[in-house]
Amino acid sequence: MPLNTFEKIPKEKQERVLNAAIKEFSRAPLNEASIANIIKDAKIPRGSFYQYFKDKEDIYYYILEEHSNDIRKNLLDNLIKTKGDIVISFIELYKYTINKINNPNYKVYFKNIFLHLNHQLERKFTLNLDDNLNDVINLTDINKLKIDSKLQLIYIIDILEAIFMHNLVQSYKRNISIEKNIEIFIKEIKLIVNGLAKVK
């Protein structure tokens, strides 16, 4: 997380530093990225960088967490709009996120993240609903699901999140349009919603 000094500098300067970091993390994955390139592009002294962040990992995970917070907020907003329909909320969330990661300003940045994904990165980028789990549970209408307890809802959220992440990663391996990626995601979600086994 940024040091207090970063929070106190003008917003324009904050954005300049963060944009320089995104540019560098688009050029190279975290382990190959250079603080020298970030400070050169941000037009700040090296000493200033270390007054704002402990190291390059600190700014890297800060930017990632900002995107993750935005995605979590989108899910909560969707649950409110859909009156607690978690399935539709995740479909809308996937549409939002696939468009976000394909935004020309962030496309290469996110590509570097997903192509070098490890447990720590996945944990930071995923919805990481532990912090918001109660909000998600309280906003979800379980009467719209074939379940009878909030404990079962936690399992459903885990499954939806796994399908969500799997498809985001696969979107970099498939050579298809955003629309086709969304279509595949919806088909996978519907398989879960409809159930996999035939009723005897």
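This report describes helix H11, the salt bridges, a nonpolar surface patch and selected backbone features of a predicted model.

## Helix H11

Helix H11 covers residues 178-194. Its 17 residues should span 24 Å at 1.5 Å a residue, and the end C-alpha atoms are 24 Å apart, which agrees with that expectation. Asn181, Ile182, Phe185 and Ile189 are buried in H11. Viewed down the axis of H11, the buried residues fall within an arc of 100°, so they line one face of the helix. These buried residues pack against two other helices, H6 (86-101) and H10 (150-170). Glu179, Lys187, Leu191 and Asn194 are exposed on the other side of H11. The spacing of such positions follows a general rule: an α-helix has 3.6 residues a turn, so residues three or four places apart point the same way.

After H11 comes glycine 195, which has a positive phi, near 90°.

## The nonpolar patch

Where does the surface carry a nonpolar patch of about 400 Å²? The patch is made by Ile159, Leu191, Ile192 and Leu196. Of these residues, Leu191 is among the exposed residues of H11, and isoleucine 192 is also placed in H11. Isoleucine 192 has a relative accessibility of 39% and therefore counts as partly exposed, since the partly exposed class lies between the buried limit of 20% and the exposed limit of 50%.

## Salt bridges

How many salt bridges does a search of the whole structure find? The search finds 8. In general terms, side chains of opposite charge can pair when their charged atoms come close. Three of the pairs are listed below.

| Pair | Closest N to O distance |
|---|---|
| Glutamate 12 and arginine 16 | 3.2 Å |
| Lysine 73 and aspartate 77 | 2.8 Å |
| Lysine 180 and glutamate 183 | 3.2 Å |

Glutamate 12 and arginine 16 lie in helix H2 (residues 11-27); because they are 4 residues apart, about one helical turn separates them. Glutamate 12 counts as exposed because its relative accessibility is 52%. Arginine 16, with a relative accessible area of 27%, is partly exposed.

A comparable account can be given for helix H5 (residues 56-81), where aspartate 77 and lysine 73 are 4 residues apart and therefore separated by about one helical turn. Aspartate 77 has a relative accessible area of 27% and so is partly exposed.

The third pair returns to H11. Lysine 180 and glutamate 183 both lie in that helix, 3 residues apart, about one turn of the helix. Lysine 180 is partly exposed, with a relative accessible area of 36%, and glutamate 183 is partly exposed as well, at 32%. This pair belongs to a network of salt bridges that links Lys180, Glu183 and Lys187. Lys187 is one of the exposed residues on the side of H11 away from the buried ones.

## Loop residues with positive phi

As a general background, most residues other than glycine have a negative phi. Two lysines depart from this pattern. Lysine 43 is not a glycine, yet has a positive phi of about 60°. Lysine 43 sits in the loop that joins helix H3 (35-42) to helix H4 (46-52). With a relative accessible area of 67%, lysine 43 is exposed.

Lysine 83, likewise not a glycine, has a positive phi of about 55°. The loop between H5 and H6 holds lysine 83. Lysine 83 is exposed, and its relative accessible area is 67%.

## The N-terminal segment

Methionine 1 belongs to the segment that precedes helix H1 (4-8). Is methionine 1 buried or exposed? Its relative accessibility is 52%, and methionine 1 therefore counts as exposed. Leaving aside residues up to four places away in sequence, methionine 1 touches Asp58, Tyr62 and Glu65. Methionine 1 and isoleucine 91 are 90 residues apart in sequence, and their C-alpha atoms are 30 Å apart in space.

Conventions. Residues are numbered from 1 along each chain as its sequence is written. This is a predicted model: local features need pLDDT of at least 70, side-chain atom pairs count only at pLDDT 80 or more; totals for chains, interfaces and linings use all residues. Side-chain values use heavy atoms; hydrogens and water are left out. Patches are made of residues with over 30% relative accessible area and no salt bridge: like charges are joined within 9 Å, nonpolar side chains (Val, Leu, Ile, Met, Phe, Trp, Tyr) within 5 Å. Accessible areas come from the Shrake-Rupley method with a 1.4 Å probe; for residues, only the protein chains shown count as cover. A salt bridge is a side-chain nitrogen of Lys or Arg within 4 Å of a carboxyl oxygen of Asp or Glu. Buried means under 20% relative accessible area, exposed over 50%, partly exposed in between (1.4 Å probe, protein chains only). The expected span of a helix is 1.5 Å times one less than its number of residues. The arc is that of the directions from the helix axis to the C-beta atoms. Contact means heavy atoms within 4.5 Å.
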